[in-house]
Amino acid sequence: MSSVAHLPQDPLPIGPRPAPRVLGGQSTAWLRANLFPSIPSGIVTLLLLFVLGKACISLWQWGIANAVWIVPGNDSSACRALRGVGACWAVIPEKYRFILFGTYPFDEQWRPALVVVIFIALFVVSSRRSFWRKELFLLWAAALIAIGCLMWGGFLGLTFVTQDRWGGLPVTLILATFGLAFGFPLGILVALGRRSKLPAIRSLCVLYVELIRGVPLISLLFMASVMFPLFMPDGVNIDKLLRAQIAFILYAGAYLAEVVRGGLQAVPRGQYEAADALGLSYWEKNALIVLPQAIRHVIPPLVNTFIAFFKDTSLVLIIGIFDLLTTAKTAIVDPAWQAFSVEVYVFVGVIYFVFCFAMSRYSRGLEAQRTSG
């Protein structure tokens, strides 16, 4: 009798068969769950979509379809003929050099343009972790010296330009960058001082923070511009831009100190005890163990403070410094272009948005690295 070999068979699936996938099923489910979960929510969603659609169509017609992009010479008659139906973007090519560089000599405006490029290059390089070494400080020092030499001039054939001729985007970047570059270390020292066991140091730091945070920035700028020269000896005159820069550094240091202090409070007590057990000194403990953890805890509020500080530089118009916003306002004093201030402010707003959005995106990247790590 011959034996028959039985081949193993796959077991039949147990349970109900999976439902066939429907094209767009996930999208439909998301729309029903988020935009149309109920009849009232669906009505509100449709109304908002209608309003958003009307706004986008109107913005398209005003900003692109009916806009005037260029005019011959300084003739704005084509823009005035629109009567508000379309935007007059021709004001930007006519006034962009004054908006960006203020009253800086026209033939020398390549120098502040190069300064802006240097600043952006510094920001990009500093955002890369591969460059976070001691040499980065030397690079910043060399770049800041080069920025000062370019803006002032007076050597190598460069025409000397006084600070009262500076204006526009370079002034905004100088105030913001120097303010944060010196205000951040000051804020760290003040935050450590507020947690000091020495009553004198702690009291001085508390007094500094409460005094600076208790008054608006405009009052600090006004005091730096008007009151500070009264306390200087006869014949000693500090430039207005430098006085404003000192006010910004003090202002930034006070606010950043509170942000860093919040991060210090978030560090577990065991980290301090472990650092003491290793025999680290006070400065080694804070530099190597405590501060890196504290700063990682407060990355979002730190960047939020940086963004707010960058936008607050526009307040220097109170003391007559031509920052980016002030030059934009001055550019439309020309009667030929006075009716097209909206386009100028949109242009300046885009510049502010680009810098602030870049800081926000970089913050999110650091947060993602900290979470994944």
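**Exercises: salt bridges in a predicted model**

At 16% relative accessibility, Glu258 counts as buried (under 20% relative accessible area; exposed is over 50%, partly exposed in between, with a 1.4 Å probe and protein chains only). This is a predicted model, where local features need pLDDT of at least 70, side-chain atom pairs count only at pLDDT 80 or more, and totals for chains, interfaces and linings use all residues. Residues are numbered from 1 along each chain as its sequence is written, and side-chain values use heavy atoms, leaving out hydrogens and water.

**Exercise 1.** Find the salt-bridge partner of Arg261 and place the pair in its helix.

*Solution.* Start with the contact: Arg261 meets Glu258 at 2.9 Å, N to O. That fits the definition of a salt bridge, a side-chain nitrogen of Lys or Arg within 4 Å of a carboxyl oxygen of Asp or Glu. Next, look at helix H10 (residues 240–266), where the two are three residues apart and so separated by about one helical turn; helices are DSSP runs of H or I with at least four residues, numbered from the N terminus. Finally, widen the view: Arg194, Glu210 and Arg213 join Glu258 and Arg261 in a network of salt bridges.

**Exercise 2.** Is Lys285, the partner of Asp276, buried or exposed?

*Solution.* First, the closest N and O atoms of the Asp276–Lys285 salt bridge are 3.4 Å apart. Then check each side: Lys285 is buried at 13%, while Asp276 is partly exposed at 45%.

**Exercise 3.** Describe the surroundings of the salt bridge between Arg133 and Glu135.

*Solution.* Begin with the distance, 3.6 Å from N to O. Now take the accessibilities: Arg133 is partly exposed at 47%, and Glu135 is partly exposed at 48%.

**Exercise 4.** How many salt bridges does a search of the whole structure find?

*Solution.* The search gives nine.
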